[in-house]
Amino acid sequence: MTTWMEAGLWGLLAGGALVLGALVAWLVRVPTVIAYAVMAFGAGVLVSALAFDLVGKAADIGGVLPTVIGFLGGALAYVAGNVLLARRGAQHRKRSSGLQPGEEDQQGSGTAIALGALLDGVPESVVLGLSLLGGHGVGVPVLAAIFISNLPEGLSSTAGMKRAGRSPVFVFGVWIGIAVISGLAGAIGVLLLEGASDNTVAAITAVAAGAILAMIADTMIPEAFEETRLWTGLIATLGFITAFAISRGA
């Protein structure tokens, strides 16, 4: 199997966690506090993957300057896109409460929510694909981090969509579409960057990492805190150390 095909399949698997979370939320009434506790855990896992498997390796491969520039650029790009989509109704896209607007409340909010979910997922798929370029197989800590963080996202966001009156066709169309696009993003990232210079790979990895950190700070942690409150830090810490242990054992 070629590297780009493998990257596509891993990206599809990681994106499939969104569909799995959505399916659970649609069929079972999961307590909100549990969904957000898993989100806090997933945030900690992602932060650990960023620190030990993305930013650090990007700096080792391409140097500090390309990493810093890429990291800040990715964060700025994510924040700009998030602000734009928030104004169109996507600011509560991950919430399971009744804060998500329905289409009758804000025209075009469904499209904004779908694009917002895509904005959250594509950087993760890109770094997952890039982890294969070293020839050592997929980055297990990165894959675990993305899968674990995608589960509560699909779960809580779907619960919110359901409360807002979204149809199952819309809900599962969004998540299945994003899972497929995640696979394509991973595959395309490998196709475009296979054979690229170390500086280029490091910069792109850092761009995606910056976007992921901005996403964690802007959406995952604040939303998890709504329900888990003073336990959020402890739960995120457990996620961080779990991912660290996986990275050391991988």
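Select Ile 188 first. Its relative accessibility is 45%, so Ile 188 counts as partly exposed; buried would need under 20%, exposed over 50%. The residue sits in helix α6. Keep in mind that this is a predicted model.

Now widen the selection around Ile 188. Add Met 1, Trp 4, Met 5, Leu 9, Leu 12, Ile 176, Val 180, Leu 184, Leu 191 and Leu 192: with Ile 188, they form a nonpolar patch on the surface. Together these residues have about 1100 Å² of accessible area.

Which helices each supply at least two residues of the patch? Color α1 (3-27) and α6 (168-193) to see them. The largest share, 6 residues, comes from α6.

Next, select α5, residues 140-163. Of its 24 residues, 17 are buried, so α5 is largely enclosed by the rest of the structure. Put a distance between its end C-alpha atoms: they are 35 Å apart. At 1.5 Å a residue, the helix should span 34 Å, so the two values agree.

Step past the end of α5 to Gly 165. This glycine follows the helix and has a positive phi, near 85°.

Zoom out to the protein chain and switch to a cartoon. There are 8 helices and 0 strands. From the N terminus on, the elements run α-α-α-α-α-α-α-α.

Turn on the surface last. The chain exposes about 11000 Å², with carbon and sulfur atoms supplying 71% of it. Of its 250 residues, 47% count as buried. For a contact map, take the contacts with a separation of 6 or more: residues 24 or more positions apart account for 83% of them.

Notes. Residues numbered from 1 in each chain as written. Predicted model: local features only at pLDDT ≥ 70, side-chain atom pairs only at ≥ 80, totals over all residues. Heavy atoms only, no water. Patch = residues over 30% accessible without salt bridge, like charges linked within 9 Å, V, L, I, M, F, W, Y side chains within 5 Å. Areas by Shrake-Rupley, 256 points an atom, 1.4 Å probe, with all protein chains shown as cover. Salt bridge = Lys/Arg side-chain N within 4 Å of Asp/Glu carboxyl O. Helix = DSSP H or I, 4+ residues; strand = E, 2+ residues; numbered from the N terminus. Buried < 20%, exposed > 50% of the residue type's maximum accessible area, 1.4 Å probe, protein only. Expected span 1.5 Å × (residues − 1). Contact = heavy atoms within 4.5 Å.
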